Structure formats: C-alpha cells, structure tokens
Amino acid sequence: MLETIQQTSDYLKNKIGEIPNTAIILGTGLGELANEIDNKTEIPYAEIPNFPISTVEGHSGKLIIGTLGGKRILAMQGRFHFYEGYSMKEVTFPVRVFQALGVKYLFVSNAAGGMNPSFDIGDIMLIEDHINMFPEHPLRGKNYDELGTRFPDMSEAYDKKLRMMAMQIANEKNIKLQHGVYVGVQGPTFETPAEYQFFRVIGGDAVGMSTVPEVIVANHAKMKVLAFSIITDLGVPGKIVEVSHEEVQEAAKIAQPKMAEIMRAIVQKI
Ligand code: HPA
C-alpha cells in the first residue's frame, strides 16, 4: 500500500510542480466549481497510476491543478463512492495521495438529504461532525504508523478554526449557512421515511453517501478538514417526496456558486 501511494504521488509531483496546501473534493452536482479554477491543468483519473475510475453519472473524473482566488489548489472533480463497489481503501486512496504530496487542508463537498426541519432545499450546511453508518471502516486492517496512529482521535474531525472562518465569511457575504451533523451511509438507495426519522433521532441533520470515509482518513493523516453539504432533498416528515439523482444534481448546481464563494475566500486566507 505504501509503495502504491508513493508511486502515484511521485507521478503527480512530476506533473504538478509546486504542491498546493489545499485539496478540494467536489461532490455530486458540485463539479462546476472547477469552472472557477484558473490556470488549469487537468489530469483524467484514467491517466493517474493506481487511481480508481469514477463510474457514476455527474462525476467526470479528473484531478485539477490550478488557482482559486489566486491560490494554488488541487481539486477532484468526481469522487469514488463505496456504493459503486470500490473498497474503502480505493474510496480513500486519493486522500492518501494528498497526504503523501504534503497537502495540509482537505475541503469536501457533497449533496445530502436534510432531516433538520429548519432546512430547505438548496441550503448549504457546514458539517460540524459526523456519524459513521458505513458498514466498513477505511482504517480497518493493518495500521501503517507512517500514515497515522492506530486509534485516531476524532474529537474535532472538522477543524474548528476553518468552521469559524466559514461562518464569518458566510455572514460577511450574506450567505445563509446552516450547520449540523452529517450521517454517512453506503447507499445507493435514498432513505425510507423511517430511516430519515431514525437518522434524525440519533442526532443527524443531513444524510448522504460519501465524505465520511475521506474525512476519517484525512484525520488519520492529521489533515485539517472543512466540509459542506448541499441540501438537495428533504427527509422531514410531511416534506418527503420522490427523489432522483437528476434532481439531486440540479439542486446542488444551484447552491454551488455560494459554496464556491465561501471556499474561495477561505483558500485565500490559509
Ligand atoms: N440520502 C442519501 N444521500 C443523498 C440524499 C439523501 O436523501 N440526497 C443526496 N444524497
């Protein structure tokens, strides 16, 4: 595993030159943030040694190096979901590569169903914490001490300083920013009304099929994490309607520019 990570990181180092301190994972319907990246170099995942290939619609699957608000960043347009059949090691492989490259900050975005009754479709939720409901853990198995400790602390999985910055920027820019707990599930089914209710009762504000594995590995790697959910549908009693992947993509697309604005402002400050 260590050699594979090294091989990919060496390949990228050659291609990228100076390594940015921030990497951004763009979620479903959020790939358009890539349009705001200037001086772009794009590397399709298929060309990156050892990278899995994304299959889901709405994820074009490439690594982008460029500048956002004048600062160099790395961005993943398209991520690897557990429901696609990838192992947890594959899902989180890009984060390991970022770690090997020396990336310090990981920004993550996703589309999610909102269970908090005060949420509306199109809201942005700053993730404050998560509940891991995936059936497998990305750190299960042999621990490589070079990568991180056997029993990682998760008391501040989403960096408090970055969260404070996000709230301040949203406030300054008059962007409505919700905050709450993200429940990570494997999918690919959306939730039944009873499941949404269950995830609400256990403390969740939003539910989605990604992010948690990457955030766990980023914490293992001691990277600082900032993450946002775009609320694309509601799992609130009385407001639950049939939901499709297309609607999720559409709702995410609409909220995307506001999230990009917050991310850009933070990238400029770190
Ligand atoms: N549930 C799970 N994943 C999701 C949802 C949802 O309601 N919306 C977008 N991704």
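In this predicted model, a backbone N or O atom of Gly 113 lies 3.3 Å from a nitrogen atom of the ligand. Two further polar approaches to the ligand involve Ala 111, through a backbone N or O atom, and Tyr 196, through an N or O atom of its side chain. The table sets these contacts side by side.

| Residue | Part of the residue | Ligand atom | Distance |
|---|---|---|---|
| Ala 111 | backbone N or O | nitrogen | 3.3 Å |
| Gly 113 | backbone N or O | nitrogen | 3.3 Å |
| Tyr 196 | side-chain N or O | oxygen | 2.7 Å |

On its own the ligand has 260 Å² of accessible area, and the protein covers 96% of that area. The residues surrounding the ligand include Ala 111, Ala 112 and Gly 113, together with Phe 190, Glu 191 and Tyr 196, and also Val 207, Gly 208, Met 209, Thr 232, Asp 233 and Val 248. When this shell is sorted by class, seven of its residues are nonpolar, three are polar and two are charged. Strand E5 (105–114), strand E8 (206–208) and strand E9 (224–234) are the elements that each give two or more residues to the shell, and E5, with three residues, gives the most.

The ligand sits in the largest pocket, which holds about 300 Å³ of space. The lining of this pocket is made of 23 residues, and those nearest its centre are Thr 28, Phe 190, Met 209, His 245 and Val 248. Among these, Phe 190, Met 209 and Val 248 also belong to the shell around the ligand. Helix H7 (245–269) joins E5, E8 and E9 as an element that gives two or more residues to the lining, while the largest share, four residues, comes from E5. By class, the lining divides into eleven nonpolar, nine polar and three charged residues.

Two features of the backbone deserve separate mention. Most residues other than glycine have a negative phi, and most peptide bonds are trans. Against that background, the peptide bond that joins Gly 187 and Pro 188 is cis, with omega at about 0°, and Pro 188 is placed in the loop between strand E7 (177–184) and helix H5 (193–201). The other feature is at Asn 50, a residue other than glycine whose phi is positive, near 75°; Asn 50 lies in the loop that runs between strand E2 (38–44) and strand E3 (62–68).

Terms used: Residues are numbered from 1 along each chain as its sequence is written. This is a predicted model: local features need pLDDT of at least 70, side-chain atom pairs count only at pLDDT 80 or more; totals for chains, interfaces and linings use all residues. Side-chain values use heavy atoms; hydrogens and water are left out. A residue is near a molecule or strand if one of its heavy atoms lies within 4 Å of it. A polar contact is a pair of N or O atoms within 3.5 Å; within protein, one must be able to donate a hydrogen and the other to accept it, and residues adjacent in sequence count only if both atoms are side-chain atoms. Accessible areas come from the Shrake-Rupley method with a 1.4 Å probe; for residues, only the protein chains shown count as cover. On a 1 Å grid over the protein atoms alone, a cavity is a set of points where a 1.4 Å probe fits but cannot get out, and a pocket is an open set with protein on both sides within 12 Å along at least five of seven lines; lining residues have an atom within 4 Å of a point. A molecule sits in a cavity or pocket if more than half of its atoms lie within 2 Å of its grid points. Ala, Val, Leu, Ile, Met, Phe, Trp, Tyr, Cys and Pro count as nonpolar, Asp, Glu, Lys and Arg as charged, and the others, Gly among them, as polar. Grid points are joined across faces, edges and corners, and a volume is the space filled by probe spheres set on the points.
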